[in-house]
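Colleague: I am new to this structure and would like a close look at a single part of it. Could you take me through the helices of the first chain, and tell me where the model should be read with care?

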Amino acid sequence: MFRTHGLAMTTLARGLLRDADKADDAVENALLRIHAAAPNFRGEASLKSWVLQITANLCRDELRRRRFDGGRPEDLDPLATRGLSVNPTASWDAALDREKLLAQLEAALDRLTDEQREAVLLRDRLGLSYEEAAAAARVKVDVIRARLFRARQALRQMLGGAAHKERT
Amino acid sequence: MNDAMQPDERGGETMSDDDRRLAALLASVQAEPNPAVWARVRARLAAADTPAPVRPRIEAFLDWLTRPAALAAATATLVVALGTGWSMVESITGSSGGTSATTTSEQLVTSDAASLMESLLEVGDAETDAGSAGSVESNEAGDSAAPGDSGGRS
């Protein structure tokens with residue numbers, strides 16, 4: 001379970017909570033809850049979305065417990081401080097300011113609402129389908145579409161010309 | 001920004017180039033799972049599967065044992081306090097009144113009552129001596145005002 005879905009669980013938890021230690025705690029509790037609830041898994045959703053649903057639930061609980069601090073936009077390395085690492089891509093390695101752009105993207109993610117950030121992480125970062133993302137977020141597909149639309153719109157506005165600069 | 005819409009390969013949705021680039025940027029960031037998390041999970045699962053450890057049993061037994069022990073200690077303290085108080089009372093009464101060491105509680109009460117009566121009588125005598133002059137005058141005045149009353153009542 002951890003080998004198969006550990007990466008997605010950790011990526012989702014760290015993306016939602018923006019705190020590596022808290023995210024690891026959430027993943028740990030999610031694994032224990034999955035172990036306890038495994039006999040009740042009926043297979044209505046895919047195993048991945050079920051696992052991510054449990055992880056997201058625990059992250060939401062944590063977010064409710066504490067007032068979410070979006071972090072400082074001036075963080076020098078927001079990826080490293082949040083336990084995130086960049087997956088090397090050959091076509092992007094030539095871009096000198098890619099790390100800076102990703103840091104800006106993380107800072108922009110901070111400014112999204114929790115629901116919008118969850119939709120972006122499930123759909124765009126983890127590559128889930130709309131149905132899987134909706135099941136993981138425990139909302140209808142239309143809701144996840146709407147959240148994703150507004151989140152992308154906000155991200156585009158916040159990033160401004162940075163994405164265009166990256167593209168060219 | 002280029003908003004040319006093209007079908008999204010993941011869900012058949014139309015995405016603009018910006019959205020696609022944004023999604024690609026987002027997908028390029030991942031978090032490596034922490035192996036310590038899995039180790040902690042395994043340890044917690046193993047701890048949950050094993051029977052109750054010995055130490056809590058001992059602690060529970062000690063908890064149970066200390067409850068009657070505390071009761072016994074409290075009772076012993078009470079007995080010691082009563083015994084000490086009793087012996088102190090005996091020593092005081094024995095030295096002041098010259099009574100024997102086998103003085104009973106009734107005798108103690110009697111001697112206390114006698115001394116109290118004596119002290120009250122002493123106080124009453126002192127007050128009588130101090131106010132004798134005033135009382136004589138008042139008696140004389142009373143006799144002159146109502147000579148029949150005093151004789152009638154007595």
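Modeller: What follows is a walk through chain A, from its overall build to its helix pairs and single residues, with a note on confidence at the end.

This is a predicted model, and for the whole of it the scores are ipTM 0.70 and pTM 0.55. Chain A has nine helices and one strand, and from the N terminus on the order of these elements is α-α-α-α-β-α-α-α-α-α. Of its 168 residues, 43% count as buried. Among the contacts in chain A with a separation of 6 or more, 70% are between residues 24 or more positions apart.

The N-terminal pair of helices is a good place to begin. In chain A, α1 covers 2-17 and α2 covers 20-37, and the two pack with their axes 9 Å apart, at an angle of about 135°. That angle makes α1(A) oblique to α2(A), and the crossing of the two is right-handed. On the side of α1(A), the contact is made by A:Phe2, A:Met9, A:Thr10, A:Ala13, A:Arg14 and A:Leu17, while α2(A) contributes A:Ala20, A:Lys22, A:Ala23, A:Ala26, A:Val27, A:Ala30 and A:Leu31. An α-helix has 3.6 residues a turn, so residues three or four places apart point the same way.

One of the residues in that contact, A:Ala13, deserves a further look. Leaving aside neighbours within four places in sequence, A:Ala13 is in contact with A:Ala23, A:Ala26 and A:Val27, and also with A:Thr55 and A:Cys59. The largest nonpolar core has 48 residues, and A:Ala13 is, together with A:Leu12, A:Leu122 and A:Ala133, among those that touch the most other members. Helix α3 of chain A, residues 47-65, gives this core its largest share, seven residues.

The loop between α1 and α2 of chain A holds A:Arg18, which has a positive phi of about 60° although it is not a glycine. Is this arginine buried or exposed? A:Arg18 is buried, because 23 other C-beta atoms lie within 10 Å, and the cut-off for burial is 20 or more. A second arginine can be set beside it: A:Arg138, in the loop between α7 (130-137) and α8 of chain A, also has a positive phi, near 60°. A:Arg138, however, counts as exposed, because it has 11 C-beta neighbours inside 10 Å.

Further along the chain comes helix α6(A), residues 114-125, which has the highest mean pLDDT among the elements of chain A, 92. Because 10 of its 12 residues are buried, α6(A) is largely enclosed by the rest of the structure. The buried residues include A:Gln116, A:Arg117, A:Glu118, A:Arg123, A:Asp124 and A:Arg125, as well as A:Ala119, A:Val120, A:Leu121 and A:Leu122. After α6(A) comes A:Gly127, with a positive phi near 75°.

Helix α8(A), residues 141-159, contains A:Arg152, which counts as buried because it has 23 C-beta neighbours inside 10 Å. A:Arg152 and A:Gln116 are 36 residues apart in sequence, yet their C-alpha atoms are 8.8 Å apart in space. Beyond its neighbours within four places in sequence, A:Arg152 is in contact with two residues of the other chain, B:Asp19 and B:Leu22. Helix α8(A) also meets α5(A), residues 98-110, and the axes of these two helices come within 10 Å and cross at roughly 130°. That makes α5(A) oblique to α8(A), and the crossing is right-handed. Here A:Gln104, A:Leu105 and A:Ala108 in α5(A) meet A:Leu155, A:Met158 and A:Leu159 in α8(A).

As for where to read with care, the mean pLDDT of chain A is 80, and 77% of its residues reach 70 or more. Helix α9 of chain A, residues 161-167, has the lowest mean among the elements of the chain, at 53. Over residues 71-76 of chain A the pLDDT is below 50, and this stretch has five contacts in the model beyond near neighbours in sequence. Chain B averages a pLDDT of 70, with 56% of the residues scoring at least 70. Where pLDDT is low, the predicted coordinates should not be read in detail.

Technical notes: Residues numbered from 1 in each chain as written. Chains lettered and ligands numbered in written order. Predicted model: local features only at pLDDT ≥ 70, side-chain atom pairs only at ≥ 80, totals over all residues. Helix = DSSP H or I, 4+ residues; strand = E, 2+ residues; numbered from the N terminus. Contact = placed C-beta atoms within 7 Å. pLDDT = per-residue confidence, 0-100. Core = buried A, V, L, I, M, F, W, Y, C linked by C-beta atoms within 7 Å. Axes fitted to C-alpha atoms, helices over the stretch in contact; angles between N-to-C directions. Parallel < 35°, antiparallel > 145°, perpendicular 65-115°, else oblique. Left-handed = near helix turned anticlockwise from the far one by under 90°.
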